[in-house]
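Let's walk through this structure together, beginning with a single helix and then stepping back to the whole chain. Have the model open and ready to rotate.

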Amino acid sequence: METVTKPAATGTSAAPGGPIAVIAPAQDQIDGFHLVIDALKLNGIDTVFGLPGIPITDLTRMLQAEGLRMISFRHEQNAGYAASIAGYLTGKPGICLTVSAPGFLNGLTALANATTNCFPMILISGSSEREVVDLQQGDYEEMDQLAIARTLCKAAFRVLHAEDIGVGVARAIRAALSGRPGGVYLDLPAKLFAQSIPAEAGRRTLIEVVDPAPRQIPAADAVKRALDLLRGAKKPLILLGKGAAYARADADIRELIEKTGIPYLPMSMAKGLLPDIHAQSAAAARSYVLPEADVVLLIGARLNWLLSHGKGKTWGGKGHKDWGSQKFIQVDISPQEADSNVKIDAPVVGDIGSCVSALLAGIGANWPKPPAEWTNAIAERRDRNIAKMAQTLALDPAPMNFHSALNVVRDIVKSNPAAMLVNEGANALDFTRSIVDMYQPRKRIDVGTWGVMGIGMGFCVAAAVVTGEQVIAIEGDSAFGFSGMEVETICRYNLPVCVVVLNNNGVYRGTDVNPTGGPDVAPTVFVKGARYDMLMQAFGGVGVNATTTAELRAAMEEAIRSRRPTLINAVIDETAGTESGRITSLNPSTKKK
Ligand code: OXT
Ligand code: ADP
Ligand code: MG
């Protein structure tokens, strides 16, 4: 229901704290559009990612007019991915703005992905008239969006009255940031934007959220239990997940690792939390340390599929469901995470900053280093693997393969450690993760918990916009296709993004054949020799076709020097990839031949 207001002869406004239905002059009115904008601004939101259309076109214009950065995309899913990673990178909820039904649904995949990855994000969507939607009378873009969103995110709210906008935005921010971060849906029906209420009273309904991500101090007995377990370990291991990177407790985490001398393994997006070349990194001895460790301290990492659910052969179990013999300590903000897959012997519930500083206080100055037998055995495997990798990287075959191309990327990232690295694909993802070392926290952003393709260009735009740093994207040719049209967005905003498409002519590789001999190519195969670089040229960016490592290196160096939008089509041997990269075994296969 709209709040009806009439112009008054005098400039009377509402008394402090009083009802807002006080009559005021027309010029002292504020509408729903501006209340939304003011509520966001009041909470430090300075950027919105979205796509205009009924009923939010004017909102996008007004956001820009009011000084926020309104980044317009070509597809809502990419705007959503951008918002989600902006949330991860800034610690403020990333905002995605979409139109109703189809726009909302396009944004919803990114919202669900944000929730799965624990990224703080708010999807704000315009929606159709409630009374028509609820009677299912066929309104323009009719859909019961709130009901659909609710199951796919952390929280979902709808605002019907202008005077509730402040509360709606505040609740969305708190839900996105507090506890385990996640995606929040905020439904704003078209009618809300046009509602007007007296300006001064309206502004008093806005809430500047105090302490939206409150610290959660771990219990002293939980910390002691964890330290007792760790102290007795002969083969301790620390596993850092993206929660540890998100928590921004970089110095304390490094101190914990260095003071204890415990080897550590970073999950993909935790790479660089300590430089990958750190002497205690066990990344290059992964398959040795997981089954061998006796006590594992998980910091902001879940024992999900990426860690083989904490059991099976990866962890030294005899069968694929058998537990190994290790004990687990898990530091996490979610009290429900422990025991999700295997027994957690010492859960430490709290925010990582508080938990790590409590652990640090408990270890004191004289913590005994892990037995040399353990650290030497790891070092030996690690050095052997690194030497083996160095040999492969030194080869320069024609055509390029993943290793030779990524050897160039590895050098470029080493020389530009502050650059953001976006990464998706299968082989293009897995080889990049193990070949390209990261040197600083929160620089590597990728497919995350779902292994989702399509994050590429949205992540590039957000990373460039919110960090101002050079962005390098390493993309499989299939992966790139999911968001490729956003190269126009990259050119439009003139962002310092260098996209490298590792083009092996298809999903995993380009060599499959249609077994029937029919005219259709195999389902994993694309147009051979496609020139993705020309796509970038179409919008005024730089496009380079690189067939040798020298060409790739020169093109990347120039992209970074010029900071111009660049796409390099790196031609890779089409036989080079394997099915699903490193996760081939997850493909169901029947025993029947
Ligand atoms: O210890 P061992 O010996 O095991 O060795 C390990 C390390 O010790 C060692 N290592 C090192 N050695 C030397 N030096 C250094 N520095 C070093 N560092 C490590 O290397 C190995 C490997 O180390 P790693 O990586 O740490 O270990 P491992 O065992 O691999 O770790 C396990 C995992 C599970 C943690 C890891 O593999 C992982 O994180 N995997 C993520 C996998 C993932 O998410 N993949 C993406 C999804 S695949 C598939 O789903 C795709 N689809 C379907 C699809 C999707 N996803 N989404 C949507 C919306 N629609 C459809 C599609 C369509 S991929 C895809 C497109 C593919 O085609 P592209 O053209 O895009 O890509 P190409 O494949 O390139 O053609
Ligand atoms: P990875 O994929 O890198 O292993 P996950 O996404 O599985 O990481 O795990 C991240 C974990 O971090 C989640 O369980 C989440 O609850 C936790 N987390 C996120 N932020 C914080 C924080 N500030 N403090 C404590 N735990 C956090
Ligand atoms: Mg490919």
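Start with α22, where T549, L552, A555, M556, A559 and I560 are all buried. Bear in mind as you look that this is a predicted model. Why do those buried residues end up on the same side of α22? They cover an arc of only 130° around the axis, and that puts them on one and the same side of the helix. The spacing fits a general rule: an α-helix has 3.6 residues a turn, so residues three or four places apart point the same way.

Now flip to the face turned away from that buried side, and you'll find the exposed residues A550 and R561. And what sits over the buried residues of α22? The cover includes α16 (402-415), along with the strands β16 (471-476), β17 (497-503), β18 (542-546) and β19 (566-571).

As for the helix itself, α22 runs over residues 549-562, 14 residues in all. From first C-alpha to last it reaches 20 Å, close to the 20 Å expected at 1.5 Å a residue. Right after α22 comes R563, with a positive phi near 55°.

Time to zoom out. The chain has 22 helices and 19 strands, and 55% of its 593 residues count as buried. A compact globule with 593 residues would have a radius of gyration near 25 Å, so the chain's 26 Å agrees with that. Along the principal axes, the C-alpha atoms fill a box of roughly 85 × 65 × 55 Å.

Contacts reach a good way along the sequence, too: among those between residues at least 6 apart, 76% join residues at least 24 apart. On the outside, the chain exposes about 24500 Å², with carbon and sulfur atoms supplying 55% of it.

How values were computed: Residues are numbered from 1 along each chain as its sequence is written. Chains are lettered from A and ligands numbered from 1 in the order in which they are written. This is a predicted model: local features need pLDDT of at least 70, side-chain atom pairs count only at pLDDT 80 or more; totals for chains, interfaces and linings use all residues. Side-chain values use heavy atoms; hydrogens and water are left out. Helices (H or I, at least four residues) and strands (E, at least two) are DSSP runs, numbered from the N terminus. The expected span of a helix is 1.5 Å times one less than its number of residues. Buried means under 20% relative accessible area, exposed over 50%, partly exposed in between (1.4 Å probe, protein chains only). The arc is that of the directions from the helix axis to the C-beta atoms. Contact means heavy atoms within 4.5 Å. The radius of gyration is taken over C-alpha atoms; the globule rule is 2.2 Å times the number of residues to the power 0.38. Accessible areas come from the Shrake-Rupley method with a 1.4 Å probe; for residues, only the protein chains shown count as cover.
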